[in-house]
Amino acid sequence: MSVVTIERKVLEKNDEIARKNRELFARHGVFVCNVVSSPGAGKTSILERALEHLAGRLKVAVIEGDVQTDLDAQRVARYHVPAVQIVTAGGCHLEANLVRDALASLDLSQISLLIIENVGNLVCPSNYDLGEELKIVVASTTEGDDKPLKYPAMFRNASVLIINKIDLLPYIPCDITKLRANALQINPSLQVFETSCTTGSGIPAFCDWLVSRCSTLAGR
Amino acid sequence: MGTTRDSAQENARMHELSIAQSIIEIVNEHVPTGDGASVKTVRLTVGQMAGVVVDSLEFCFVAITQGTPLEGARLEISSIPLRARCASCGKESEIEPTLFACPLCGERELTITGGRELQINEIELYDAEAPA
């Protein structure tokens, strides 16, 4: 019986493409966020509200990942930003090569912020590095306050938590203090924003943070 | 109007399937014939926080190796618990993924030292003269 030693990371190919994506972003000084959440948490709505606020302040482009349809890219393109839709045709997450291919449709020298909206899923996207600077996880109040405990890997790997749909808090049994505490228990360094896309609450603070991160990057 | 880019059809339908495909690609690079026909066992390390459901991975591996030279090869998976080093007491311990606190002193600032692995360690081949 012969044994062949391999000792290779299963996702090495993805990691290598992600590394190249990251190099490309650095060369063009583009700040890149990978936005993840379960389906329906409000990723696209947050993006729409943010794009309104960022008009004239930042040059933004968006990559939309969905299992089917280009509906999200259509929604985002209304804000006059370059938007590329990746249709994964059933795939539950974006991979670095899909992002690399989508970049062919974008002029990175003309943008300072690239937002990648991943496929709605709190499990699979945490495995796949896309070359982003950081992950933003969105948890909506309607999903319950125990979400971070159920999906610890995603909350641990993210740098930012957006708690969305806070306007619904008076009507639902979600304890936002508990939600925040559960998330910080998994990852004490999470930066937390609380938003409502209906009232617009919290969106300016999130946008100010994006602008400041982009200027920090530009100053490097 | 946004631009649409359809991803390749071979893109996996669930990520364990995608992972199983990556495993097969890597294995085939390491067998003399390149077709995996001589592979008896594939030994993997999967961390507790690698985001992989072991049952799903085994199911997907069996499903996509059917009718290929790798059919019948067995996945042997060693699970690695989540481990972290404490910023306060400096000790390394096994960590509860939903708690993320040092079990010795309660400190919350931890550096993960294990549990995120997703690696192919080795493959075991049938002897050339006596294939199954």
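Which helix of chain B lies across β1 of chain A together with β2 and β7 of chain B? Before selecting that helix, keep in mind that the model is a predicted one, and begin with the two chains as a whole.

Colour chains A and B separately and select the residues that meet between them: 43 residues of chain A are in contact with 36 residues of chain B. On the chain A side, at least two residues each come from β1 (2-9), α3 (71-77), β4 (83-87), α4 (96-103), α6 (152-157) and α7 (176-186). The element that gives the most to this side is β1(A), with eight residues. If you colour the chain A side by residue class, you will find 24 nonpolar residues, twelve polar and seven charged.

Next, select β1(A) along with β7(B), residues 118-125, where six bridges join the two strands in an antiparallel run. Two pairs can be picked out along this junction: A:Thr5 has B:Glu122 as its bridge partner, while A:Lys9 is partnered by B:Gln119.

Now widen the selection to the open sheet of four strands, which reads β1(A)-β7(B)-β2(B)-β3(B) and has mixed pairing. Its edges are β1 of chain A and β3 (74-80) of chain B, each of which pairs on one side only, and from one strand to the next the twist averages 20°.

Finally, return to the opening question by selecting α1 of chain B, residues 15-30, which is the helix lying across β1 of chain A together with β2 (39-47) and β7 of chain B. Viewed against β7(B), helix α1(B) runs at about 45°.

Definitions and conventions: Residues are numbered from 1 along each chain as its sequence is written. Chains are lettered from A and ligands numbered from 1 in the order in which they are written. This is a predicted model: local features need pLDDT of at least 70, side-chain atom pairs count only at pLDDT 80 or more; totals for chains, interfaces and linings use all residues. Two residues are in contact if their C-beta atoms, placed from the backbone, lie within 7 Å. Ala, Val, Leu, Ile, Met, Phe, Trp, Tyr, Cys and Pro count as nonpolar, Asp, Glu, Lys and Arg as charged, and the others, Gly among them, as polar. Two strands pair if DSSP finds at least two bridges between them. Axes are lines fitted to C-alpha atoms, for helices over the stretch in contact, and angles run from 0 to 180 degrees between N-to-C directions.
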